[in-house]
Every structure is written in C-alpha cells, then in structure tokens.
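Subject: A structure for you to look at

Hi,

Here is the structure I promised to pass on to you. Please open it beside this email, and then read on for what was found in it.

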Amino acid sequence: MDMYRENILDHAQHQRNKGIVEPADVDYEAENALCGDRLRLTLRLDASGRIEALGWQGAGCAISQASASMLGEAILGKTVDEALAVTRQDILDMLGIPLTMNRLKCALLSLKALNVGLRGVDYWQQAHEHDED
Amino acid sequence: MSDTQTQAYPVDRIRADFPILAQDHHHGTPLIYLDNAASSQKPLTVIEALDDYYRRYNANVHRGIHKLSEEATAAYEKARITVKTFINAASKREIIFTRGTTEGINLVAQTWGRANLQPGDVVVASVMEHHSNIVPWQILAQEKGFSLRFVPVTGDGQLDPDAYRRLLDAGDVKLVTLMHTSNVLGTINPVTELAQMAHEAGALILIDGAQSVPHMPIDVQALDVDFFAFSGHKMCGPTGIGVLYGKRHLLDAMPPWMGGGDMIARVTLEGSTWNDLPYKFEAGTPIIAGAIGLGCAIDYLTSLGMEAIHAHEQALIQYALERLSEVPGVTVYGPADAAYKGAVAAFTLDGVHAHDVAQILDSQGIAVRAGHHCAMPLHDDLGLNATARASFYLYNTVSEVDALIDGLYAVKRAFGLSG
C-alpha cells in the first residue's frame, strides 16, 4: 500500500523529537476535529530567534505522527521565519504520497500546530486555509 | 414578447430537461406548472445526481477513510464551493448548509439573536415578510424582551422608504431582516440601499433570498448583507437543502445552535469546544445528497446564465401583467412595473374565491397556488383573505400565460360571470 511507504513507517515508528521542551517559548496543542487526534508542539528559541529545542507529543495515525516527526526535523535550528515558510506542499513532498481530502487534515496537523503556536489562529487561517480544503 | 427574445432563449430545449413537464397533468391535459414560488421542478441532471450518489457512493462524510466516504466528502464540499462562487461569498467557510431558508433565519435568531438582543433593542422586519421571517423573531422577542417593528408597504407594493428611515433614525435597531423578493407581490426590494441604511444606523441586515436567488444574479459582497438565507428546492434543487451565508467575523463570534456530531472539536464530560466554520453550524449527518443535488442545480442554472433567466422571466411577467389586466374583475397586487417585480402575480377575481379559481384552473392542467402564501400579515394589510398566485420560472412560456388567461375566462363561465 503506497500510503505506508518505508519513510512514513520509519518516522511513525521511530518518532524524532518526541517529548515536551521545558521551558518553552511556544506551547500549542492542535486538534483534528475529524478524528479527535491531538498534537502538542513545544519550541524554545535562542537569542537570535532560532529554534534551539523542539518537542512534540500526540496520539494519532501514522500519517499525522510521521508528518510531525518530519516537520520537526526540518525546522530544528531554523529561524521562525524559515519555519513559517514551510508549506503544505513541503509536507506532502516530505511524505511523498498522494492524500485524499479526509487525510489531508492528518498530514497538516503538525503544520497547523506550528503556525497557530507561533502566530495565532487567524494567521493560520489566512496563510493556509485553502491548504486544508 | 419579441421574437428575438424567444429565439435567443431556448425555452423548448430547456423544457426538455425537465421530465415532469412532459407528462399529462390529467389524462389528455398537459401540465402547466405556475407554482414555482412554492417549489420549482427539477432537471434530469439533478435527479440523476441524487440517484448516482445513492447508487454509487453513498457514505457518511468527513470521518470516513474509505473510498466511498472520500468520494462523498469531496462531492459534498465541492457543492459548497459551487454555492460560494454562485453568490460570490468571500470564503467557502461562510456557506452553511441548512434545511432551507426557514432554518437559516432560525439559526441566526437562535445564535446571533439570542446572544446579542436584549430589552430596549429593536429588530426591524416588514409587513410583506413570509411567516418564516416573522415568527422566529416573535418567539425570540417573547424570551428576550426586545421590540419587533415592521416597515409598512406602500400602495404600489414597495417597502415605504420614509418609514424605514424613521424606524432606523429612532435608534436601538440591532438587526434589519427583510425579504429580497416578495413571494406575493413580486416586489424586488433595493437590498443594496436597505443594507447601506441599516449599516449607517449601526444595525446588521439579514436578507431572505428564497425568491431572489433562483431568478437573478446574486453577489452577497456587492449587496453587502450580513446574513443571506435561501432554499434549494425553489432553484431546481432538492427539498431539504438550503444555505445560510454569513459574514465570517459574525459567524466566528456566534455560538453554535444545534449540538451533536461534526460540529465539535473536542468533547469531554465537563464540556466541549467547537469545530471551525462552517461545521460549527452543521451538527449531525448533513443532507449529503441534497447538497450534491443543489450544486448540480446551480451548475444547471449557471449553464443557462442567471441574466438570461432573469430577462426571460421579466418578459414573461410583463406579458402576464398585460394579459391579466385585460380580464374584467381581475386585480393584481404588487408593483405594476415588471422592472421592479419578480415573476410572481398574485391576484383576485371578483366574485370567485381564490381556492375556487385554483381548483378550476387545476382541472385545466394549470397549477397555481391559492391562500395567504405564508404572508397573513400582508394579506391583512391588503384587506384580503386569500389570493391566487401564478409564479413563473425559467421553463415557462408565453403560451402558458395565454392558457392561464383562457383558464380564468373558464373560471368566470363556471361561476356564471359575464365578460
């Protein structure tokens, strides 16, 4: 089954950066109303505004867990602006699989937590609203 | 009507799209359907879209991971985008699927109204409103103690602009709630101006678009209305599906109405949080087939062009008004000028009750409506118990207007009336 390619199962089963960072500059839990899955993302920034520590926790499907693991790897050490520049397409490229409408919410849960945590829900809706559709 | 108009608008081809129009009303008598303000007929594409959903991909939406649910979800959400484009909403999240116009108005009353209206506040409606835009406010006013006031209707069937101004100037108006097109008088109210005046007075405006959306182009952003409700079944779609449009910042701030599945983000035994728009207002399994059918109906209307449909109906109502005026004893209510009137003619015939008019017309295959048309206060205002109403749509023809006129002469003969 294409949806469960090796890289997805690898990230889903060996999750990178799992855990909670304390103290954290950003601590936000996003929810997927479709299935009830939750994803809490914590970030700590250094003096220059780079993400120096990152941890996430959540219970969810392989797609949501793998995308959180991949996103965390991608943004650790980056600036806030660089992290916010990650797009829906970047997530889909990292996952490398086609997703149906109902599964997009799973794949984008971590991106939503990152954006809402850093900039608030209005920012997410304006920047990525159509991504979820 | 000029030959150019009839040639440009392919009414014969359009009629062939509606299976019901091909059948006899009574044995040997063709159907002349002039009750479109109550409900329109459905083109074959809409009937087939419902059939296709139930035969091929029937499943619940939004939570399913399986193929059928994915397909049903995609079709349901595609219909929402079709509606958004059709009325030019800013976002698909402003499109809430309801059971119809009535539910849309009740939703605003029970959420925005319940949260925002208090003693001393005023809600302004009008004398011409359908019961669905009066009763929900009366129910809420009893509970919340605000005042409900009504814009009177002029002798020409228009909202009285001076009275509207005075009601707004008196202050404390929090909401104006009016119909776009009257289902009895046919009056097309000047919504852009009404909305501007309401906003200048610090009030929101809700428009009942049940009789306008099926018949003319609608742009909710250009109209600058805050809420806009309409029904699918009057615009070639199925019954049981309608739309409430609301400006996003208002919908975001409104509490939910019905609680249940799909409208929540998280539920615990201590309390719950709400899903994003529009799902916050779509509790329970939605009207999936209905929404898909409505999307299909809009595609059909768009393929004909709303401007073309409106022009066809304007020509029809103008012709109908001329012909009705020739029948001695017939009085038509509402604007005399077809340019300000939707394709609706409510009328009385001296010496014959509207129910009897409708019964005898039915025997000739002509379907009209008789009664108060869910506008009893308007009929009280007109000093009438009942009117007969012929209402036209995109598939009606000049010869059907002629048949109505012939039918009215037959009514008069049956009642022994001369002329």
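Which residues of helix α6 (residues 135-144) of chain B are buried? They are Pro136(B), Trp137(B), Leu140(B) and Ala141(B). They lie on the same side of α6(B) because they cover an arc of only 130° around the axis, the arc being that of the directions from the helix axis to the C-beta atoms. An α-helix has 3.6 residues a turn, so residues three or four places apart point the same way. Buried means under 20% relative accessible area, exposed means over 50%, and partly exposed is in between, with a 1.4 Å probe and protein chains only. The face of α6(B) turned away from the buried side carries the exposed residues Ile139(B) and Gln142(B). On the buried side, the packing partners are α5 (101-116), β5 (122-126), β6 (147-151), β7 (173-179) and β8 (204-208) of chain B. Helices (H or I, at least four residues) and strands (E, at least two) are DSSP runs, numbered from the N terminus.

A word on how to read all this. This is a predicted model, where local features need pLDDT of at least 70, side-chain atom pairs count only at pLDDT 80 or more, and totals for chains, interfaces and linings use all residues. Residues are numbered from 1 along each chain as its sequence is written, chains are lettered from A and ligands numbered from 1 in the order in which they are written, and side-chain values use heavy atoms, with hydrogens and water left out.

How confident is the predictor? pLDDT is its confidence in each residue, from 0 to 100. Chain B has a mean pLDDT of 95, and 98% of its residues reach 70 or more. Over residues 1-6 of chain B, however, pLDDT stays under 50. The model scores ipTM 0.74 and pTM 0.90.

Next, try finding Thr82(B) in helix α4 (residues 67-87) of chain B. Thr82(B) counts as buried because its relative accessibility is 15%. Gly295(B) is 213 residues away from Thr82(B) in sequence, yet the two are 5.8 Å apart in space, C-alpha to C-alpha. Leaving aside neighbours within four places in sequence, Thr82(B) is in contact (heavy atoms within 4.5 Å) with Gly295(B), Ile298(B) and Asp299(B).

Ala253(B), in helix α10 (residues 248-253) of chain B, makes a nice contrast. Ala253(B) counts as exposed because its relative accessibility is 65%. Its C-alpha is 8.4 Å from that of Trp112(B), with their places 141 residues apart in sequence.

Now for the backbone. Most residues other than glycine have a negative phi, and most peptide bonds are trans. Which bonds here are cis? One joins Glu22(A) and Pro23(A), with omega about -5°; another runs from Leu277(B) to Pro278(B), with omega near -5°. Pro23(A) sits in the loop between α1 (6-13) and β1 (26-31) of chain A, while Pro278(B) sits in the loop between β12 (272-274) and α11 (288-304) of chain B.

His373(B) is not a glycine, but has a positive phi of about 55°. Look for His373(B) in the loop between β16 (369-371) and α14 (376-382) of chain B. His373(B) is buried because its relative accessible area is 4%. Cys374(B), also not a glycine, has a positive phi of about 55° too, and at 29% relative accessibility Cys374(B) counts as partly exposed.

Happy exploring!

Notes: pLDDT is the predictor's confidence in each residue, from 0 to 100.
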